[in-house]
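Here is a short briefing on pockets and one helix, written for someone who likes to know the cut-offs. Have a look at the model first.

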Amino acid sequence: YATLDSSDAMRHRAVELDAEFHLLPCEFLGNRLIIDTMQQFSSRMVHVISCVFSTVPTRIGESIKEHRQIIEAVRQGDGDRARYLSERHLRIGYDI
């Protein structure tokens with residue numbers, strides 16, 4: 001990160017963490033085929049997330065909030081809500 005200013009470094013780290021979050025459900029499933037497929041897709045996902053965060057910097061905080069809501073729904077065992085929140089989260093990113 002030495003050549004990046006602090007805002008670029010923060011955005012870069014946010015992109016990394018966001019991409020890792022999106023791989024977690026695949027890892028929880030333990031299905032090697034799904035994990036491998038998502039890992040192959042991860043460079044594209046990182047690019048998309050980076051573009052979104054660069055275009056709409058406030059999206060970083062919004063995305064973190066959405067991730068927390070998804071985690072909370074999973075912790076509460078509310079699969080329907082977790083699915084709804086996940087789909088909404090992805091749709092927002094695609095719409096940007």
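The second largest pocket has a volume of about 210 Å³. A pocket here is an open set of points on a 1 Å grid over the protein atoms alone, where a 1.4 Å probe fits, with protein on both sides within 12 Å along at least five of seven lines; lining residues have an atom within 4 Å of a point. The model is predicted, so local features need pLDDT of at least 70 and side-chain atom pairs pLDDT 80 or more, while totals for chains, interfaces and linings use all residues. Residues are numbered from 1 along each chain, and side-chain values use heavy atoms, without hydrogens or water.

**Second largest pocket**
- α3 gives the most to this lining, six residues; helices are DSSP runs of H or I, at least four residues, numbered from the N terminus.
- Among the lining residues are Phe 21, Phe 53, Ser 63 and His 67.

**Helix α3**
- The 17 residues of α3 (59–75) should span 24 Å at 1.5 Å a residue, and the end C-alpha atoms are indeed 24 Å apart.
- Its buried residues (under 20% relative accessible area, 1.4 Å probe, protein chains only) are Arg 59, Ser 63, Glu 66, His 67, Ile 70 and Ala 73.
- They lie on the same side of α3 because they cover an arc of only 125° around the axis.
- The face turned away carries Lys 65, Arg 68 and Arg 75, which are exposed (over 50%).

**Largest pocket**
- The largest pocket has a volume of about 690 Å³.
- Of its 26 lining residues, Phe 21, His 22, Met 45, His 89 and Leu 90 lie nearest the centre.
- α2 supplies the largest share, eight residues.

Technical notes
Helices (H or I, at least four residues) and strands (E, at least two) are DSSP runs, numbered from the N terminus. The expected span of a helix is 1.5 Å times one less than its number of residues. The arc is that of the directions from the helix axis to the C-beta atoms. Grid points are joined across faces, edges and corners, and a volume is the space filled by probe spheres set on the points.
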